[in-house]
Amino acid sequence: AGLGEGADERRRIVYYSRDTKRVRSVRGEKKLVQALTARFGDTVETFSLDEPLTKLMSWARTFGSAIAVIGPHGSGLSLVLYCEPGTPLFLLPTIDAVSPEYAASEAGVAAASKRASKQDTAVKGSAADSKPAGGDSAADETFTYLGAALGLPVRIVPQAKAHALGNYSIPPYLATQAARLVERELVAMGRWNAREGGDEEDDAD
């Protein structure tokens with residue numbers, strides 16, 4: 001992972017945008033990017049896959065110099081392959097039939113009861129029992145395991161969720177909360193100094 005000496009040395013927080021995509025785009029994305037910029041200044045860089053594949057080395061340099069990557073579930077996040085170990089991925093999660101939200105619903109409880117009737121005991125020590133920290137949906141497991149393999153901590157941004165075939169929506173107050181969460185995590189990891197590049201006045205909870 002990472003490009004070593006070939007990486008762009010400018011520190012950046014990469015936000016992956018899917019605003020031109022049919023699914024998993026983020027309604028309210030502009031406010032989210034503004035909230036991130038208010039805290040991290042011009043360190044924030046928005047990235048999308050709309051450019052030609054000939055830009056691959058440029059993309060690799062962008063991710064290779066990232067101190068954090070933020071974004072919705074999408075193929076563009078696979079470029080974390082170029083991140084240095086330890087670079088956190090802040091994932092806007094998806095929801096599907098294995099997510100806690102579904103499990104707590106009436107349909108989820110009925111499905112769990114049906115499964116339980118087909119087996120008397122659960123198999124301990126299975127892959128599910130040893131799943132690394134990360135997304136709760138089956139779709140997000142891609143990034144959960146990718147992060148574990150590359151040494152990239154995966155953090156969930158719970159302020160915006162979407163079905164894997166739907167779209168996200170994040171109102172301004174949740175965009176502010178999401179940006180605050182990212183800052184707290186990066187400060188705790190020692191990857192950012194509080195208010196290093198953003199405004200001095202904190203937002204009210």
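**Core and ring pairs**

Visitor: What covers the buried residues of α2?
Guide: This is a predicted model, where local features need pLDDT of at least 70, side-chain atom pairs count only at pLDDT 80 or more, and totals for chains, interfaces and linings use all residues. Residues are numbered from 1 along each chain as its sequence is written, and side-chain values use heavy atoms, without hydrogens and water. Helices (H or I, at least four residues) and strands (E, at least two) are DSSP runs, numbered from the N terminus. By contact (heavy atoms within 4.5 Å), the cover of α2 includes β1, β3 (44–47) and β4.

Visitor: Which residues of helix α2 are buried?
Guide: Buried means under 20% relative accessible area, with a 1.4 Å probe and protein chains only. In α2, residues 56–64, this holds for Trp 59, Ala 60, Thr 62, Phe 63 and Gly 64.

Visitor: Which element gives the most to the largest nonpolar core?
Guide: A nonpolar core is a set of buried Ala, Val, Leu, Ile, Met, Phe, Trp, Tyr and Cys residues joined through side-chain atoms within 4.5 Å. The largest has 27 residues. β1 (12–16), α1 (29–40), β4 (66–72), β5 (89–92) and α6 (172–188) each supply at least two. With seven residues, the element giving the most is α6.

Visitor: Is the pair of Phe 47 and Trp 59 stacked or edge-to-face?
Guide: Rings of Phe, Tyr and Trp (its six-membered ring) pair if their centres lie within 6.5 Å; planes under 30 degrees apart count as stacked, over 60 as edge-to-face and the rest as tilted. Here the centres are 5.7 Å apart and the planes at 85°, so the pair is edge-to-face.

Terms used
Buried means under 20% relative accessible area, exposed over 50%, partly exposed in between (1.4 Å probe, protein chains only).
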